[in-house]
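Welcome, and thanks for opening your viewer. Let's walk through this model one selection at a time.

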Amino acid sequence: MQYSPRNAIMYVSMVDAGTIELLRSLGKEIVSSADLVSHFEAVLTDAQLATHYVAQRHIDEILAAAWSEIGTRAQSDGTDEHAMVQYLQQAMARAGLDWEHGPNVSAGPNSADSHYEPTAASSRPIRKGDFVLIDIWARLKNDPSAIWYDITWTGVVGREPTEREHLIFNTVRDARDASIKVVQNAFSANQPIAGWQADDASRNLIRAAGFGDWFTHRTGHNIGTVLHGNGAHLDNLETHDERLLLPNTCFSVEPGLYFPGEFGIRSEVDMIARKGKAEVTGRIQTELVRV
């Protein structure tokens, strides 16, 4: 049934308490349908997975061009967050992509808000010396079966990163890679792995580094025909996601650290799991971008 013990996975815990009580009074054991829902709603076809890679190639190219554009504009009159959002939107439109809303371009302390979205009225300038976060997502337009691609990169404009920026980026990068590794190892060994276990791989590394209080969201989310899909999330914070990461599913890995009034760093990749292997689907950021 649509039940999750102690509401651990709120997305599937929909049956009312009275029905559960009635069935238990009849001697029935209630079994969660969480993994069954994932089988029907999150497992993707080969054709769907192929659309993810088309979006990936476009977005990786568009994002690389956007960083170069920020550097060029910063050398003259500068730019601002909303102007770069418009630049990215125009590039995605030319590539035949749909993005629904966003993307997110955050400069300076705005990058410390993991849910920040710039508007024309609130946009912050981007100039030489600024720290910038770009979160961009899209899928093929006019194809309701198409799968999303969703990534986040960070960088600095017209300077070298500070020692603190290096430290925080390296911590986030290593946490991301820890989750990638634990997922890859599990699929290579044909061992089951739940979403909370993949989250813990990132979260434990960040806690050990002394930054646990600044990692304020789950490590990743399922990706399908909707950006935040109905399969297992990499989550042991917002929920305790006991659902298994299944073959032929797609999901993000995106730990982040956010320091209000200062800056925030998130490093996001997508993974596709198949029987016997799991792989990152696009470019992997290994150091802060310098433009």
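Helices here are DSSP runs of H or I with at least four residues, and strands are runs of E with at least two, numbered from the N terminus. With that in hand, colour the chain by secondary structure: you should find six helices and 13 strands. Keep in mind as you look around that this is a predicted model.

**Stop 1: the whole chain**

Zoom out and show the C-alpha trace. Along the principal axes, the C-alpha atoms fill a box of roughly 75 × 45 × 40 Å. The radius of gyration is 20 Å, which agrees with the value near 19 Å that a compact globule of 291 residues would have. If you colour by accessibility, buried residues make up 52% of the 291 residues. A contact map is worth a glance too: among contacts with a separation of 6 or more, 68% join residues 24 or more positions apart.

**Stop 2: His-52**

Now select residues 46-74, which form helix H3, and pick out His-52 within that helix. Is His-52 buried or exposed? Its relative accessible area is 0%, so His-52 counts as buried; the cut-off for buried is under 20%. Which residues surround His-52, once neighbours within four places in sequence are set aside? Show Ile-147, Trp-148, Tyr-149, Cys-250, Asp-270, Ile-272 and Thr-281, and you have its contacts. For a sense of scale, draw a distance from the C-alpha atom of His-52 to that of Lys-181: the two are 129 residues apart along the chain and separated by 21 Å.

**Stop 3: helices H5 and H6**

Next, select residues 163-188 for H5 and 195-208 for H6. Their axes lie 8 Å apart and meet at an angle of about 150°. Angles over 145 degrees count as roughly antiparallel, and H5 and H6 are therefore roughly antiparallel to each other. Their crossing is right-handed. To see the contact itself, show Thr-171, Asp-174, Ala-175, Arg-176, Ala-178, Ser-179, Val-182 and Val-183 on H5, then Ala-198, Asp-199, Ala-201, Ser-202, Leu-205 and Ile-206 on H6. Coloured by residue type, this contact divides into eight nonpolar, three polar and three charged residues.

**Stop 4: Gln-86**

Finally, move to helix H4, residues 81-94, and select Gln-86. Gln-86 has 37% relative accessibility, so this residue counts as partly exposed. One last distance to draw runs from the C-alpha atom of Gln-86 to that of Phe-251: 27 Å separates them, with their positions 165 residues apart along the chain.

Conventions:
Residues are numbered from 1 along each chain as its sequence is written. This is a predicted model: local features need pLDDT of at least 70, side-chain atom pairs count only at pLDDT 80 or more; totals for chains, interfaces and linings use all residues. Side-chain values use heavy atoms; hydrogens and water are left out. Buried means under 20% relative accessible area, exposed over 50%, partly exposed in between (1.4 Å probe, protein chains only). Axes are lines fitted to C-alpha atoms, for helices over the stretch in contact, and angles run from 0 to 180 degrees between N-to-C directions. Angles under 35 degrees count as roughly parallel, over 145 as roughly antiparallel, 65 to 115 as roughly perpendicular and the rest as oblique. A crossing is left-handed if the near helix is turned anticlockwise from the far one by less than a right angle, and right-handed if clockwise. Contact means heavy atoms within 4.5 Å. Ala, Val, Leu, Ile, Met, Phe, Trp, Tyr, Cys and Pro count as nonpolar, Asp, Glu, Lys and Arg as charged, and the others, Gly among them, as polar. The radius of gyration is taken over C-alpha atoms; the globule rule is 2.2 Å times the number of residues to the power 0.38.
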